[in-house]
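Me: I'm new to this structure and would like a close look at one part of it. Please start with the loop that catches your eye and then lead me on from there.

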Amino acid sequence: MSTRHFPDGFLWGAATSAYQIEGAWNEDGKGEGIWDRFTHRVYNILEGDTGDVACDHYHRMSQDVALMKTLGLPSYSFSVSWPRVLPQGRGAVNEKGLDFYDQLVDNLLAANILPKVTLNHWDYPQALQDAGGWPNRDSVDWFVEYARMVFDRLADRVTLWVTHNEPWVIAFLGYALGIHAPGLCDYSQAYQAIHHLLLSHGKTVQLFRQGGYQGEIGIVLNLEGALPASQREADQAARQRVYEETASLFLDPLFNGHYPGMLFDWIGGHQPRVQAGDLDLIKLPIDFLGVNYYRTEAISHATSGSLLKAEAAPLSAPGWGQTEMGWGVNPAGLTATLLDVKERCGNLKVYITENGCAFRDTPDERGFVADWGRVNFLRAHLLAALDAIDAGVNLQGYYAWSLMDNFEWAKGYGPRFGLVRVDYDTGRRIPKQSARWYSEVISQNGINP
Ligand code: GCO
């Protein structure tokens with residue numbers, strides 16, 4: 001069968017985030033982040049893993065960029081650690097921390113790799129958490145000040161910006177379910193955090209335009225597939241609540257300037273305080289929407305299902321099982337998600353900003369992993385992305401998660417998502433079969449079905 005090609009200029013890359021790879025948690029003037037505090041408290045993370053050293057990327061950055069170059073990556077998506085550049089979250093800048101990102105950007109550009117920078121991939125300064133964190137309305141201005149500082153330093157060379165990565169995860173796993181830092185269990189705080197995350201996004205977009213910075217700015221959402229577990233009315237309604245909490249809670253304010261009515265009726269007293277004019281800022285036009293897609297779930301009604309009274313089970317497509325995370329592999333769910341986004345966002349430009357999987361990798365004696373399971377996963381999802389493009393979705397790029405194995409949040413170092421294996425004892429990087437395969441996809445801008 002002939003190769004299926006992506007549109008000319010399609011942007012290919014791989015992604016990481018600061019806390020998951022950098023390590024050097026207290027070096028060169030870095031301040032404490034909420035993930036430092038959270039992981040240092042025993043029993044929060046499986047096996048007591050922390051990001052203290054992680055992939056030691058802070059010290060191996062130039063070799064890592066050289067590796068990206070050998071893989072032929074046209075773009076690399078990373079995040080800035082807010083407490084590394086502003087140890088107290090605001091005020092005094094840590095020049096050494098900023099220098100690190102400066103050099104990373106310069107190294108990438110010298111290697112002909114386009115940097116894509118996320119301002120907030122979860123490692124929030126502990127000092128700001130102590131002052132109330134995202135539920136405090138002042139957090140909006142704290143974020144905008146931080147964004148201005150980073151733009152002033154990097155926007156002369158970085159042209160692709162993300163404000164927040166997965167605000168749903170920040171708010172619900174961090175403030176409502178206590179699974180992620182800061183580990184709180186309070187839905188009212190979670191919804192207030194959502195509103196301030198979105199408002200700070202809007203104000204940062206405004207700053208970006210008014211400041212005359214050149215390039216594109218957007219936000220990244222985790223949009224997973226969610227289908228009703230049955231035709232039962234209760235399951236359909238539960239599915240609708242889940243959809244509104246994960247998709248409409250963001251797409252409605254970002255694109256239509258209001259919060260989803262049905263969901264807000266349902267959550268009642270947990271609704272956030274919203275001030276006049278907030279929604280006008282939140283819906284300022286963005287240049288792209290970033291979609292992170294990993295899985296699809298079947299949603300059913302459950303009286304024990306917390307605030308939404310809903311329960312999710314993995315929903316794999318026929319012939320596909322689950323990943324090591326227990327996620328249902330469902331490539332067609334990606335096509336469906338992208339089509340839904342097209343309907344709701346006026347066919348705005350979309351990048352798939354994360355997609356990938358953890359499987360139990362078995363290295364041979366040289367450390368090489370023949371991860372054909374990951375190759376099959378990525379191939380199927382890229383074909384699903386092509387189906388979406390054929391159906392008119394304005395999809396212009398794809399970032400594999402992740403460049404290398406790293407710290408998988410509450411699950412520690414167990415699940416490995418990398419195209420490149422990291423030997424955590426020695427720090428050695430060894431490209432897996434999937435890295436070789438992905439390089440080839442990039443070089444031919446297409447895949448063989
Ligand atoms: C995410 C996270 C990543 C995870 C990945 C796999 O944005 O969800 O960005 O940090 O590691 O999703 O769970």
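Reply: Let's begin at Ser402, which sits in the loop between strand S12 (395-401) and strand S13 (420-422). Strands (E, at least two residues) and helices (H or I, at least four) are DSSP runs, numbered from the N terminus. The model is a predicted one, in which local features need pLDDT of at least 70 and side-chain atom pairs count only at pLDDT 80 or more, while totals for chains, interfaces and linings use all residues. Residues are numbered from 1 along each chain as its sequence is written, and side-chain values use heavy atoms, with hydrogens and water left out.

What makes this spot worth a look is the link just before Ser402: the peptide bond from Trp401 to Ser402 is cis, with omega near 10°. Trp401 also reaches the ligand, since one of its polar side-chain atoms lies 3.3 Å from a ligand oxygen atom. That is a polar contact, meaning a pair of N or O atoms within 3.5 Å; within protein, one must be able to donate a hydrogen and the other to accept it, and residues adjacent in sequence count only if both atoms are side-chain atoms.

Other residues meet the ligand too. Glu408 has a side-chain N or O atom 2.5 Å from an oxygen atom of the ligand, and for Glu166 the corresponding distance is 2.7 Å. Around the ligand there are 13 residues, of which Gln20, His121, Glu166, Glu354 and Glu408 come nearest; a residue belongs to this group if one of its heavy atoms lies within 4 Å of the ligand.

Glu354 leads us on to Val291, a residue of strand S8 (288-292). Leaving aside neighbours within four places in sequence, Val291 is in contact (heavy atoms within 4.5 Å) with Glu354, and also with Leu221, Leu223, Thr337, Val341, Val350, Tyr351, Ile352 and Thr353. Val291 counts as buried because its relative accessibility is 0%; buried means under 20% relative accessible area, exposed over 50%, and partly exposed in between (1.4 Å probe, protein chains only).

For another buried residue, turn to Ser81, at 1% relative accessibility. Ser81 belongs to the loop between strand S3 (75-79) and helix H4 (82-85). Residues up to four places away in sequence aside, Ser81 touches Ala18, Glu22, Lys30, Tyr101, Asp123 and Tyr146.

The bond before Ser402 has a counterpart elsewhere: Ala181 and Pro182 are joined by a cis peptide bond with omega of about 5°. Pro182 lies in the loop between helix H8 (167-176) and helix H9.

Two more loops hold backbone angles to look for. Glu47, in the loop between helix H2 (34-39) and helix H3 (57-71), has a positive phi near 60° although the residue is not glycine. Glu47 is exposed because its relative accessible area is 71%. Ser306, in the loop between strand S9 (296-301) and strand S10 (310-314), likewise has a positive phi, near 55°. With 35% relative accessibility, Ser306 counts as partly exposed.
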